[in-house]
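Colleague: Could you take a close look at one part of this model for me, and then tell me how its surroundings fit together? Take your time and walk me through it.

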Amino acid sequence: MGQNGRKVVITGLGVFASTGKERESFFTNLINARSGVRRISQFDPSPLSVQIAAEVPDYNPTDHFQPKRLDLLDRFTQFALLAAREAMESSGLEVREEERPRFGVVIGSGMGGVQTFESGCFNVYARGATRLHPFTIPKVMHNAPTSQISMEYGAQGPSFSTSTACSSSAHAIGAAFHLIKYGQADMVLAGGSDTPITMSMMRSWESVRVLANGNGNPASACRPFSADREGFVMGEGAGILLLEEYERARRRGANIFAEICGLGMTSDATHITQPSVDGPARAIRLTLEEGEVRPDEVDYINAHGTGTPLNDVTETEVIKRVFGEHARRVAISSTKSMHGHAMGATGAIELVATVMALERGVVPPTANYTRPDPQCDLDYVPNQAQERPLRAAISNSFAFGGLNAVLLVRRLKSDPM
Amino acid sequence: MDVAAKVVEVITREQHLPPGTVTLNSTFSELGIDSLEGVNILFALEEEFKIDIPDAVAQNMKSVTQVVDGLTRVLEGKDISDLVAIAKGSTPAASH
């Protein structure tokens, strides 16, 4: 291992989201600007002022898991396992017994098993239950997906979970990248999962007044960077990628989707909800420095792009500060306009979209864009996907609490076999 | 109430086993019931019978017969001091 660490590549992609339950339909829907936002179906949302979310449609757990196994799996762990299965299948990876200690799992989640916990609390407070189900803890804990995935694949290496709200899975993938780069693991399944569409979660977000109210027209509720944007739409889902040390991937003839070459992490250290320009800007600079990629080599930015009035103005300013003149040329889009804000999963879902965009030379659009905001005056790829060759791309994640993580991926430079 | 039949029914249901697998002579270990599944069965029995199973009784429930015996004693309010004595020094059902 050189002083600068080892090269790390992405050899598996898995996604389970409102806009697609596997990567091909997911990406096709994104480039066709099809939204996954609908009226909430997991419970009756009638009492809510915001009754829409980006839910995974027509989901039946017993299609995927044995009943006995399901007893121990909250919805967020089910989604994580399904995305991990796709990541493993797409990678063609077979892990030999002696390689297991070098195989890790790092999964982020903002809310953990909130559905299980909420129904348990309902039983305690509303129904006077004097005991809760003994599976409550193993289902609710944030590390449940990490543990369940590591058991499913016999991954015995460094494994943990991250929780940094909307940046959870970007931090997870970044940590996994460094585990491999600096020699502590050779393969890591990394990503995030969150399923926060519950009555209490919706009520909590409603009162922050950051949700878009699009009950009449759910599909166009989320309009990032557009002058008439109203906020974000709650989402759910999971995204998981297989990261692998490059030489190992090459030796086994793996299909390499992209190289992951940078991670920038910063903390605003200013305000618990209000984003700064400085923190995210430093995170982008750090990721470019690590990857030794010049700002003008970045051809696509998958924005944090929540669609709140404040985020989109701040993020635009951040991009201008880091990229200068190139800010006007780089393609920027918010795929949250379609798959919603899947909280701790969103960074991973967006990295899957970013990697597929890079691989195919197609930038997914920002859907539902209607008219320019003078304070958001860059190229947000409005409504129509753009075909263009992409050399490198970043995926931004800026969390509530001011914790930022930016990931950098690039097309693998062809080198002699 | 047929306590034994109810116990067999609860264990069968909670373990997702085919009917007929659980008999009065089955031990938890024969049925492949681990420590976490054991506490799940206790929970289900407490719900089913609307009772609290004291830890001392619970720790001596490692077979269907022991479950039926322990439950019967709790349901009938019998003395469990012998089980309390046995339980001393033993390990809890679930670790961590």
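Modeller: Sure. One term before we start: two strands count as paired if DSSP finds at least two bridges between them. Bear in mind, too, that this is a predicted model.

Let's take strand 1 of chain A, which spans residues 8–17. Strand 1 of chain A has an antiparallel partner in strand 7 (residues 237–245) of chain A, and 9 bridges join the two. Strand 8 of chain A, residues 258–267, also pairs with strand 1 of chain A in the antiparallel sense, this time over 3 bridges. Val9(A) is a handy residue for seeing both pairings. Its bridge partner in strand 7 of chain A is Glu244(A), while in strand 8 of chain A it stands opposite Glu259(A). As for cover, 10 of the 10 residues of strand 1 of chain A are buried. In general, the side chains of a regular strand alternate between the two faces of the sheet.

From there, go on to the nonpolar interior. The largest nonpolar core has 125 residues, and Leu241(A), Leu243(A) and Val188(A) are among those with the most contacts inside it. That core lies between domain 1 (8–251) and domain 2 (263–410) of chain A, because both domains give residues to it. Val188(A) makes a good example: beyond its neighbours within four places in sequence, its contacts include Ala176(A), Ile180(A), Val106(A) and Leu243(A). Another core, of 16 residues, lies apart from the largest one and includes Ile41(B), Val57(B), Val67(B) and Leu71(B).

Now for how the chains meet. The contact takes 6 residues from chain A and 5 residues from chain B. On the side of chain A that touches chain B, the classes come out as 3 nonpolar, 1 polar and 2 charged residues.

Last, a couple of backbone oddities in loops. Most residues other than glycine have a negative phi. Asn383(A), though, has a positive phi, near 65°. Asn383(A) sits in the loop between strand 11 (362–363) and strand 12 (386–387) of chain A, and it is partly exposed because 14 other C-beta atoms lie within 10 Å. In chain B, Lys50(B) also has a positive phi, about 55°, although it is not a glycine. You'll find Lys50(B) in the loop between helix 2 (35–49) and helix 3 (55–58) of chain B. Lys50(B) has 7 C-beta neighbours inside 10 Å, so it counts as exposed.

Terms used. Residues are numbered from 1 along each chain as its sequence is written. Chains are lettered from A and ligands numbered from 1 in the order in which they are written. This is a predicted model: local features need pLDDT of at least 70, side-chain atom pairs count only at pLDDT 80 or more; totals for chains, interfaces and linings use all residues. Helices (H or I, at least four residues) and strands (E, at least two) are DSSP runs, numbered from the N terminus. A residue is buried if 20 or more other C-beta atoms lie within 10 Å of its own, exposed if 12 or fewer, and partly exposed in between; C-beta atoms are placed from the backbone. A nonpolar core is a set of buried Ala, Val, Leu, Ile, Met, Phe, Trp, Tyr and Cys residues joined through C-beta atoms within 7 Å. Domain bounds come from an automatic or database domain assignment. Two residues are in contact if their C-beta atoms, placed from the backbone, lie within 7 Å. Ala, Val, Leu, Ile, Met, Phe, Trp, Tyr, Cys and Pro count as nonpolar, Asp, Glu, Lys and Arg as charged, and the others, Gly among them, as polar.
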